[in-house]
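Trainee: Could you take me slowly through a single strand of this protein, with its neighbours and the links between them? I would like each term explained as it comes up.

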Amino acid sequence: MPWRRILLGFVIAVFIISGFFEAKPTAPQTTALYGAEALYAKAAENPKAVSADIEIIANPRADSMLNEDTKKAYKNASDANADSIKMDLGMTKDNELIAFHDTGDRIMSESKAPEELILKEIAATFEQNEHYYFESHLVNGDTKMEEPLIKLLEEYDLLDPKYVSFQSFSKKSLQKLQELAPEIRLTLLYGTDKFDLEDALAADVDVIGVDSGNVTRDIVDKLHQHGKEIHVFFTDERTELVEQQRVIMYGVDGVFTNDIEFTNQVIMQ
């Protein structure tokens, strides 16, 4: 029937016209400045003079050589000339203090830890040749490791600001340590996306520890204005090196690093 031919012709015409005028796809835009790199670029526009006194704090896996909290691991960090060596503390079931980094309960399931993890063995090895940055934790919600830690440090003549600093995510733990050793520097840590500037400014501590993702120039400036230092840690290995450069340009006072050599190079630039 003629109307069918007319309709078919109309449909064909529409397809031809729409195909002719169809918007050509544009090539996807690519940019190197996104995420951490964009923040770095912004910081680089107005960098602060990097202090030669910035503290380099070696993580247990610094220089990618350290994959365990062992005496060998800490020896590697010592040889790399870090200013401080972070030691994450745990306890065995028999209340032995150990250098033990994990994300769960601070008590190992074993009643006896391997010798190379025992804090007493590590202290006996390095003695007064290092600065230890101890990270304390609550054990089942209680302050159980603080007194044994202080006694051990006294035993090895290490209870001195020259040799030790304390840090914790727990105010309760830091308060206990402050009661036992008021002369030792304290750092209050804030978890990722849990930083509270007002809380940090009011905290009775010397240093504030912050995830790099929560660090801005304004935060650094305000902490400094209130007489507090800021130490920065990094939780994303993919962006750590870029983020180190950014926060150092903001004028932070210390960085926890997995690559001591790289951090030294950034500071020397």
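Mentor: Let us begin with a pair of residues that face each other: Phe166 stands opposite Leu186 in strand β6. Before going on, please keep in mind that this is a predicted model, in which local features need pLDDT of at least 70 and side-chain atom pairs count only at pLDDT 80 or more, while totals for chains, interfaces and linings use all residues. Residues are numbered from 1 along each chain as its sequence is written, and side-chain values use heavy atoms, with hydrogens and water left out.

Strand β6 covers residues 186-189 and runs parallel to β5, joined to β5 by 3 bridges; strands are DSSP runs of E with at least two residues, helices are runs of H or I with at least four residues, and both are numbered from the N terminus. Two strands count as paired if DSSP finds at least two bridges between them. Between β5 and β6 the chain passes through helix α6 (residues 171-180), making a β-α-β crossover that is right-handed, a term which says that, with the strands pointing away from the viewer, the path from the first strand over the helix to the second runs clockwise.

Strand β5 itself spans residues 164-168, and 5 of its 5 residues are buried, where buried means under 20% relative accessible area, exposed over 50%, and partly exposed in between, with a 1.4 Å probe and protein chains only. In a regular strand the side chains alternate between the two faces of the sheet. In β5, Val164, Phe166 and Ser168 point one way, whereas Ser165 and Gln167 point the other way, and all are buried.

Strand β5 also pairs with β4 (residues 132-135), in the parallel sense and over 4 bridges, and here Glu135 stands opposite Gln167 of β5. The chain goes from β4 to β5 through helix α5 (residues 146-155), and this β-α-β crossover is right-handed.

The loops on this path deserve a look as well. Asn140, in the loop between β4 and α5, has a positive phi of about 55° although it is not a glycine. Asp157, which lies in the loop between α5 and β5, has a positive phi of about 55° and is not a glycine either. Asp157 counts as exposed because its relative accessibility is 54%.

To place this part in the whole, the protein has 10 helices and 9 strands, and 44% of its 269 residues count as buried.
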